[in-house]
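Me: Please take a close look at one part of this model and describe how it packs. Then set that part against its surroundings.

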Amino acid sequence: MRFTVLATFTALLAYCWFLLKVGQARKKFGIEAPRTTGNADFERVFRVQQNTVEQLVLFLPSLWLFGTYVSDMLAGLLGFGWTAARVLYAAEYYADAKKRGPGAALTFLIGIVLLVGGTLGAVLTP
Amino acid sequence: MRFTVLATFTALLAYCWFLLKVGQARKKFGIEAPRTTGNADFERVFRVQQNTVEQLVLFLPSLWLFGTYVSDMLAGLLGFGWTAARVLYAAEYYADAKKRGPGAALTFLIGIVLLVGGTLGAVLTP
Amino acid sequence: MRFTVLATFTALLAYCWFLLKVGQARKKFGIEAPRTTGNADFERVFRVQQNTVEQLVLFLPSLWLFGTYVSDMLAGLLGFGWTAARVLYAAEYYADAKKRGPGAALTFLIGIVLLVGGTLGAVLTP
């Protein structure tokens, strides 16, 4: 499961980076906890992290289904693609919320492919 | 682990549907990203998805503990019940936030049963 | 995997407690769903739960990587430390948002140690 593990590592590393950006943005834009709304510059940084949580709960179980029941190497490749799509999404969203579409769509699509593929692999395995 | 896999698939499929509803609601109610507050109609749709994330982090690990250490088939049945409860919760919440109680309580209860059962199964397995 | 399972159980039990506190806070401060903002007393309780979701998506996969590829017992010990740090964080944050630093930092640090350690263990295992 080396590729699946490395794809998990890469995805969570990107996520840690998004988490740290929220802490920075709190200071930069003067948004004191527990507040999370009321400043669009802060909210863009916050939503990148939040949306990554929302996608990780789909991605990680699906990645491991696919790595276990279909192919470790292919799971790893799709997983690295997921992280690349997430980094693209973050770069797009940090610049302009209107431009986040391609990275968001690609992340979601890879999640679905892993989920459907992994489930089929598990059900069809004799 | 076929039943546990299928219950995972069903739960995440329902979750994908809740995700897509948020995108639709952004357009329908004119709530542009990164904004998530300020319109109760949008917020009901958004909270269904958010609350499902909040429950998935309890449900998925607990489902797999139960499937691994107690029974794959029983995990699958409880898991399908979880998704049914979640769909009920969404239907209730989309209609009226005050009516979301039964679906919310049933989802949470099944999560707890899976967590406690799965942990007991793991600890008591010789 | 008994220690890893018990650390999972303990972490999710603390999380269930944070979830129930949000329900209580809704009643106490009169914040009706779907609203989540506009009252700092409610938001502190809500953010403890939300932030725990944000940390669980890092912690749980990392804990299981570490338990599987490095050591079940050490994973369990680090996992119990994570939950203790989370309870400290909650106690700090419930009292005063400005005091949440130590518990937040310790939780995050243990998550990173588990992620890096578990990944190294998986990659270096012959």
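Reply: In this predicted model, helix 2 of chain A meets helix 2 of chain C through F46(A), Q49(A), Q50(A), V53(A), L56(A), V57(A), L60(A) and W64(A) on one side and R47(C), Q50(C), V53(C), E54(C), V57(C), P61(C) and L65(C) on the other. This contact divides into 10 nonpolar, three polar and two charged residues. Contact means heavy atoms within 4.5 Å. Helices are DSSP runs of H or I with at least four residues, strands are E runs of at least two, and both are numbered from the N terminus. Ala, Val, Leu, Ile, Met, Phe, Trp, Tyr, Cys and Pro count as nonpolar, Asp, Glu, Lys and Arg as charged, and the others, Gly among them, as polar.

Residues are numbered from 1 along each chain as its sequence is written, and chains are lettered from A and ligands numbered from 1 in the order written. Local features need pLDDT of at least 70 and side-chain atom pairs count only at pLDDT 80 or more, while totals for chains, interfaces and linings use all residues; side-chain values use heavy atoms, with hydrogens and water left out.

Two packed helices are described by the angle between their axes and the distance between the axes. For helix 2 (residues 40-69) of chain A and helix 2 (residues 40-69) of chain C, the axes come within 11 Å and cross at roughly 35°. Axes are lines fitted to C-alpha atoms, for helices over the stretch in contact, and angles run from 0 to 180 degrees between N-to-C directions. The crossing is left-handed, that is, the near helix is turned anticlockwise from the far one by less than a right angle.

Helix 2 of chain A also packs against helix 2 of chain B, at about 35° and with the axes 11 Å apart. Here R47(A), Q50(A), V53(A), E54(A), V57(A), P61(A) and L65(A) meet F46(B), Q49(B), Q50(B), V53(B), L56(B), V57(B), L60(B) and W64(B). The residues of this contact divide into 10 nonpolar, three polar and two charged. This crossing, too, is left-handed.

Two residues of these helices can be followed further. S62(C), in helix 2 of chain C, counts as buried because its relative accessibility is 0%; buried means under 20% relative accessible area, exposed over 50%, and partly exposed in between, with a 1.4 Å probe and protein chains only. Not counting residues up to four places away in sequence, S62(C) touches L12(A), G111(C), L114(C) and L115(C). R44(B) lies in helix 2 of chain B and is buried at 16%. Beyond its neighbours within four places, R44(B) is in contact with Y93(B), Y94(B), D96(B), A97(B) and P34(C). The C-alpha atoms of R44(B) and V22(B) are separated by 9.4 Å, at 22 residues apart along the chain.

In chain B, helix 2 (40-69) also helps cover the buried residues of helix 4, as do helix 3 (72-95) of chain B and helix 1 (2-29) of chain C. Those buried residues include G103(B), F108(B), G111(B) and L115(B).

As for chain A as a whole, it has four helices and zero strands. Of its 126 residues, 56% count as buried. Its C-alpha atoms fill a box of roughly 55 × 25 × 20 Å along the principal axes.
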